[in-house]
Amino acid sequence: MSHWCREDPTPARQLRPERKPNKILEDPFLHARFLGSSPPPKIERRAPVRGEVGAGSWFLCLLLSLPPSCFCSLIGMAAECESGNCHAWAAKDPSGTLSPYKFNRRTVQSGDISLRITHCGVCYADVIWTRNQHNDSVYPLVPGHEIAGVVTEVGSDVNGFKVGDHVCVGTYVNSCRDCENCNSFLENHCSKFVFTFNGVDTDGTVTKGGYSGHIVVHERYCYKIPDGYPLEKAAPLVCAGITVYTPMIRHNMNQPGKSLGVIGLGGLGHMAVKFGKSFGLKVTVFSTSESKREEAISLLGADNFVISSDKKQMESLKSSLHFIVDTASGNHPFDPYLSLLKVGGVMALLSFPEEIRIHPATLNLGARTLAGSVTGGTKDTQEMINFCAANKIYPDIELIKIDYINEALGRLVNRDVRYRFVIDIENSFK
């Protein structure tokens with residue numbers, strides 16, 4: 001990326017009239033992401049005097065002092081909110097409120113496919129980054145990383161897809177493609193992998209997600225949806241589905257007749273129950289809410305339901321489970337759950353609590369394992385989609401239009417969804 005010219009002083013920078021700070025130019029983090037260098041040093045601002053450039057010309061002088069690539073980058077960022085080839089909804093500030101927005105998607109390169117987005121699932125990550133809860137959001141921010149759609153164009157080197165194919169795009173859209181992890185199809189663990197939204201791609205642009213009309217992605221990070229599998233049901237598979245499937249396969253939680261505990265019954269938890277039953281496991285759901293008992297057993301087919309705050313119920317299951325999948329998003333104790341595992345049992349943590357506190361004896365005395373996991377590689381993701389199609393596993397969704405998204409995100413925060421919102425993109429931008 002280009003850098004600011006520093007060879008000699010630039011009077012234009014000293015002659016700017018008083019103005020509001022430009023976050024891109026003056027914030028070190030944003031400056032580095034967009035322009036590839038530290039921002040210019042702060043300068044004293046004063047009014048122009050006789051013989052110096054007039055106040056009306058300072059901006060032109062500034063632009064002329066920039067390298068061409070910086071100039072184009074700044075102009076492009078300023079213009080994209082007013083025009084572009086892609087309709088979307090975006091958050092413009094940390095309030096997280098989304099509204100209509102337009103921007104330009106890149107043209108299709110030799111290894112790319114372009115797809116018309118028909119549906120996009122709503123993940124809690126959309127709440128986190130639209131509201132800048134990790135202090136790294138770049139606005140305008142177009143969220144969405146559970147994308148399903150139809151291929152409309154393919155690059156000259158693309159062999160795996162053709163126009164008209166139904167495809168998904170998940171949580172990442174790029175990686176280095178050359179490291180040990182990429183070569184093992186564990187691209188989700190590549191140190192240079194790129195998030196589908198609010199990530200910085202190799203060309204320096206900030207990625208924009210699936211709350212939009214179309215997307216252009218390298219074919220490696222796209223997945224075929226088998227014939228007959230509904231697009232609206234496919235979208236949540238590439239986040240909620242693969243996040244659960246990956247650790248279950250890695251830790252051999254697909255052995256019929258064994259027992260599985262599922263902590264939490266949301267977007268991830270309900271998929272864990274579905275996979276568990278499909279694998280032939282005896283499934284117990286743990287929840288803090290008695291109101292979820294009926295849906296866990298009658299709707300999802302769980303074999304048992306336990307209120308995790310009831311010590312008597314928990315004690316009755318001590319050393320009884322082969323596996324546990326922990327999808328609970330908030331802070332919670334670990335020892336009570338780990339004690340439910342048999343000798344050699346495995347508990348997979350899929351969420352990000354503030355801290356993990358366990359007594360070493362809980363692990364050591366039972367030779368138990370607490371393992372972490374996050375999403376999945378490209379090979380596993382395609383395998384999971386094929387498995388769902390073959391075994392008729394479908395996420396339970398609530399279909400919404402894009403103009404309901406702010407209400408939907410509010411409901412998601414309040415855990416008022418069964419079990420995944422999916423945006424009907426195709427009918428929202430007509």
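Me: In which loop does K392 lie?
Reply: In this predicted model, K392 is a residue other than glycine with a positive phi, near 55 degrees. K392 is exposed, its relative accessible area being 61%. The segment that holds K392 is the loop between helix 15 (378-390) and strand 16.

Me: Is S319 buried, partly exposed or exposed?
Reply: S319 is not a glycine, yet its phi is positive, at about 60 degrees. S319 belongs to the loop between helix 12 (311-315) and strand 13 (321-326). Buried requires under 20% relative accessible area and exposed requires over 50%. With 36% relative accessibility, S319 is therefore partly exposed.

Me: Why do the buried residues of helix 16 line one face of the helix?
Reply: Helix 16 spans residues 405-413, and its buried residues are I405, A408, L409, R411 and L412. They line one face because, in a view down the helix axis, they fall within an arc of 160 degrees.

Me: Which strands are included in what covers the buried residues of helix 16?
Reply: The buried residues in question are I405, A408, L409, R411 and L412. Their cover includes helix 6 (124-130). The strands included are strand 1 (86-91), strand 2 (98-103), strand 16 (397-400) and strand 17 (420-424).

Me: Which residue is joined to R418 by a cis peptide bond?
Reply: Just after helix 16, R415 takes a positive phi of about 60 degrees. The loop between helix 16 and strand 17 also holds the residue sought. The cis bond has an omega of about -5 degrees, and the partner of R418 is Y419.

Me: Where is P140, which a cis peptide bond joins to Y139?
Reply: The bond between Y139 and P140 is cis, with omega about -5 degrees. P140 is placed in the loop between helix 6 and strand 4.

Me: Between which domains does the largest nonpolar core lie?
Reply: This core has 84 residues, of which Y211, M248, L260, F275 and I405 touch the most other members. Both domains give residues to the core, so it lies between domain 1 (82-239 + 377-424) and domain 2 (241-372).

Me: How many residues does the other core contain?
Reply: F275, in the largest core, is in contact with G241, V244, Y245, M248, M384, F387, C388 and I393, leaving aside neighbours within four places in sequence. Another core lies apart from the largest one, and among its members are I263, V306, A328 and L363. The number of residues in that other core is 16.

Me: Which residue in strand 9 stands opposite V167?
Reply: Strand 5 (residues 166-169) pairs with strand 4 (residues 147-154) in the antiparallel sense over 4 bridges, where I147 has V169 as its bridge partner. Strand 5 also pairs with strand 9 (residues 222-224), again in the antiparallel sense, over 3 bridges. In strand 9, the residue opposite V167 is K224.

Me: Is D201 buried or exposed?
Reply: D201 is found in the loop between strand 7 (194-195) and strand 8 (214-218). Not counting residues up to four places away in sequence, D201 touches R106, N174, V194 and T207. Buried means under 20% relative accessible area. The value for D201 is 10%, so D201 is buried.

Me: What percentage of the residues of the chain count as buried?
Reply: The chain has 16 helices and 17 strands. About 20,100 Å² is exposed, and carbon and sulfur atoms supply 53% of that area. Of the 430 residues, the share that counts as buried is 50%.

How values were computed: Residues are numbered from 1 along each chain as its sequence is written. This is a predicted model: local features need pLDDT of at least 70, side-chain atom pairs count only at pLDDT 80 or more; totals for chains, interfaces and linings use all residues. Side-chain values use heavy atoms; hydrogens and water are left out. Buried means under 20% relative accessible area, exposed over 50%, partly exposed in between (1.4 Å probe, protein chains only). Helices (H or I, at least four residues) and strands (E, at least two) are DSSP runs, numbered from the N terminus. The arc is that of the directions from the helix axis to the C-beta atoms. Contact means heavy atoms within 4.5 Å. Two strands pair if DSSP finds at least two bridges between them. A nonpolar core is a set of buried Ala, Val, Leu, Ile, Met, Phe, Trp, Tyr and Cys residues joined through side-chain atoms within 4.5 Å. Domain bounds come from an automatic or database domain assignment. Accessible areas come from the Shrake-Rupley method with a 1.4 Å probe; for residues, only the protein chains shown count as cover.
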